[in-house]
Amino acid sequence: MKKFILFFFIQIISVSIFSNPILESLIYKIRDPSTEKKEFREYLEKIGEYIAIDVAKDLKTKKQNIKTVMQIEAEHNLVDENIVLVTILRAGLPLFNGVFKVFPEAEAGFFAMQRNEKTLIASIDYVALPPMENKTVIIADTMLATAGSMLNAIKIIEKRNPKKIILICALAAKEGIDNILKHNPDIQIYPAYVDPVLNEVGYIVPGLGDAGDRCYGIK
Ligand code: PRP
Ligand code: URA
């Protein structure tokens, strides 16, 4: 019982859902089966931008002064973190592009992975990462289902000693969130929306189908 309460508490402090009807209207649109690829990618990019702005409020900032044309100084709080932005191909790419617009100075890293449809285990086909020591690593992937793909990425990234790891996803399954926090309760997760379950073939339900196919067509 104590363990359950502790885990529930960890979930509350580690999962930040930016509840907003504009963001929710974008989730509504990507769930709609009639949304075509181009619009689907554009909506995901917007979702990435909105969540990234929400993430920024929790980052370390420093005060910076600027002298305006009025010859008066104004003081502002600006993000003070070295950010590495990582994604998992294919479906993570549009979300990543949206996050990148908010953190254009970030370094970038890429994984290519593919879930085996039967075993649901994701194979790692490509890894290209910059140095990560003491940096804030943000992983953007559209779907967090079993969390197998994300955990593959996290385990590789953890070995590179980042300062912290933040996850951004459009749609997350509760099971995927639980699996991440069981592995590492310090990871901060920012899902645009959380769905309750996975079906028997590992798809999020109600979900939106195969995100990679919705973005780029059938493999
Ligand atoms: C999607 C998505 C995630 C993964 C999530 O990729 O982009 O990486 O599924 O599922 P998991 O949490 O159960 O690992 P997918 O494997 O469908 O490949 P794709 O992006 O190339 O279509
Ligand atoms: N990957 C997807 O693209 N969709 C899901 O529902 C689960 C994993």
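A polar contact is a pair of N or O atoms within 3.5 Å; within protein, one atom must be able to donate a hydrogen and the other to accept it. Threonine 35 offers a case in this predicted model. Its side chain reaches the backbone oxygen of lysine 29 at 2.6 Å. That distance of 2.6 Å falls within the 3.5 Å limit, so the pair counts as a polar contact.

Where does threonine 35 sit? Threonine 35 is in the loop between H2 and H3. Threonine 35 has a relative accessible area of 13%. Buried means under 20%, so threonine 35 counts as buried. Beyond its neighbours within four places in sequence, threonine 35 touches Lys29, Phe40, Tyr43 and Arg214.

Now take the two helices that flank this loop. Two packed helices are described by the angle between their axes and the distance between the axes. Helix H2 covers residues 21-31, and helix H3 covers residues 37-56. Their axes lie 10 Å apart and make an angle of about 150°. Angles over 145 degrees count as roughly antiparallel, so H2 and H3 are roughly antiparallel to each other. The crossing of H2 past H3 is left-handed. On the H2 side, the contact is made by Ile22, Leu23, Leu26, Ile27, Lys29 and Ile30. On the H3 side, Phe40, Tyr43, Leu44, Lys46, Ile47 and Tyr50 take part. By class, this contact of H2 with H3 has 10 nonpolar residues, no polar ones and 2 charged ones. Lys29 belongs to this contact, and the backbone oxygen of lysine 29 is also what the threonine 35 side chain reaches. Phe40 and Tyr43 of H3 are in the helix contact and also touch threonine 35.

A second helix pair lies further along the chain. Helix H5 spans residues 148-158, and helix H6 spans residues 174-183. Their axes come within 11 Å and cross at roughly 20°. Are they roughly parallel or roughly antiparallel? Angles under 35 degrees count as roughly parallel, so that is how H5 and H6 run. H5 passes H6 in a right-handed crossing. From H5 come Met150, Leu151, Ile154, Lys155 and Glu158. They meet Asn179, Ile180 and His183 in H6. The contact of H5 with H6 divides into 4 nonpolar, 2 polar and 2 charged residues.

Next come two buried residues in strands. Threonine 87 is in strand E3, residues 83-89. Threonine 87 has 0% relative accessibility and therefore counts as buried. Which backbone oxygens does its side chain reach? One belongs to glycine 92, at 3.2 Å. Another belongs to alanine 140, at 2.7 Å. Leaving aside neighbours within four places in sequence, threonine 87 is in contact with Gly92, Leu93, Phe96, Gly109, Phe110, Phe111 and Ala140. Gly92 and Ala140 are thus on the contact list of threonine 87.

Alanine 172 is in strand E8, residues 164-173. With a relative accessible area of 0%, alanine 172 is buried. Its contacts, neighbours within four places in sequence aside, are Leu144, Ile177, Pro191, Tyr193, Val194, Asp195 and Ile204. Alanine 172 and tyrosine 190 are 18 residues apart in sequence. In space, their C-alpha atoms are 9.2 Å apart.

Finally, turn to the backbone. Leucine 89 and arginine 90 are joined by a cis peptide bond, with omega about 5°. Arginine 90 lies in the loop between E3 and helix H4 (92-102). Another cis peptide bond joins valine 205 and proline 206, with omega about 0°. Proline 206 is in the loop between strand E11 (204-205) and helix H7 (211-216).

Positive phi values deserve a look too. Phi of leucine 120 is near 65°, a positive value in a residue other than glycine. Leucine 120 lies in the loop between strand E4 (107-115) and strand E5 (122-128). Asparagine 134 also has phi near 65°. Asparagine 134 is in the loop between E5 and strand E6 (136-140). Is asparagine 134 buried or exposed? Its relative accessible area is 56%, so asparagine 134 is exposed.

Note on methods. Residues are numbered from 1 along each chain as its sequence is written. Chains are lettered from A and ligands numbered from 1 in the order in which they are written. This is a predicted model: local features need pLDDT of at least 70, side-chain atom pairs count only at pLDDT 80 or more; totals for chains, interfaces and linings use all residues. Side-chain values use heavy atoms; hydrogens and water are left out. Axes are lines fitted to C-alpha atoms, for helices over the stretch in contact, and angles run from 0 to 180 degrees between N-to-C directions. Helices (H or I, at least four residues) and strands (E, at least two) are DSSP runs, numbered from the N terminus. Angles under 35 degrees count as roughly parallel, over 145 as roughly antiparallel, 65 to 115 as roughly perpendicular and the rest as oblique. A crossing is left-handed if the near helix is turned anticlockwise from the far one by less than a right angle, and right-handed if clockwise. Contact means heavy atoms within 4.5 Å. Ala, Val, Leu, Ile, Met, Phe, Trp, Tyr, Cys and Pro count as nonpolar, Asp, Glu, Lys and Arg as charged, and the others, Gly among them, as polar. Buried means under 20% relative accessible area, exposed over 50%, partly exposed in between (1.4 Å probe, protein chains only).
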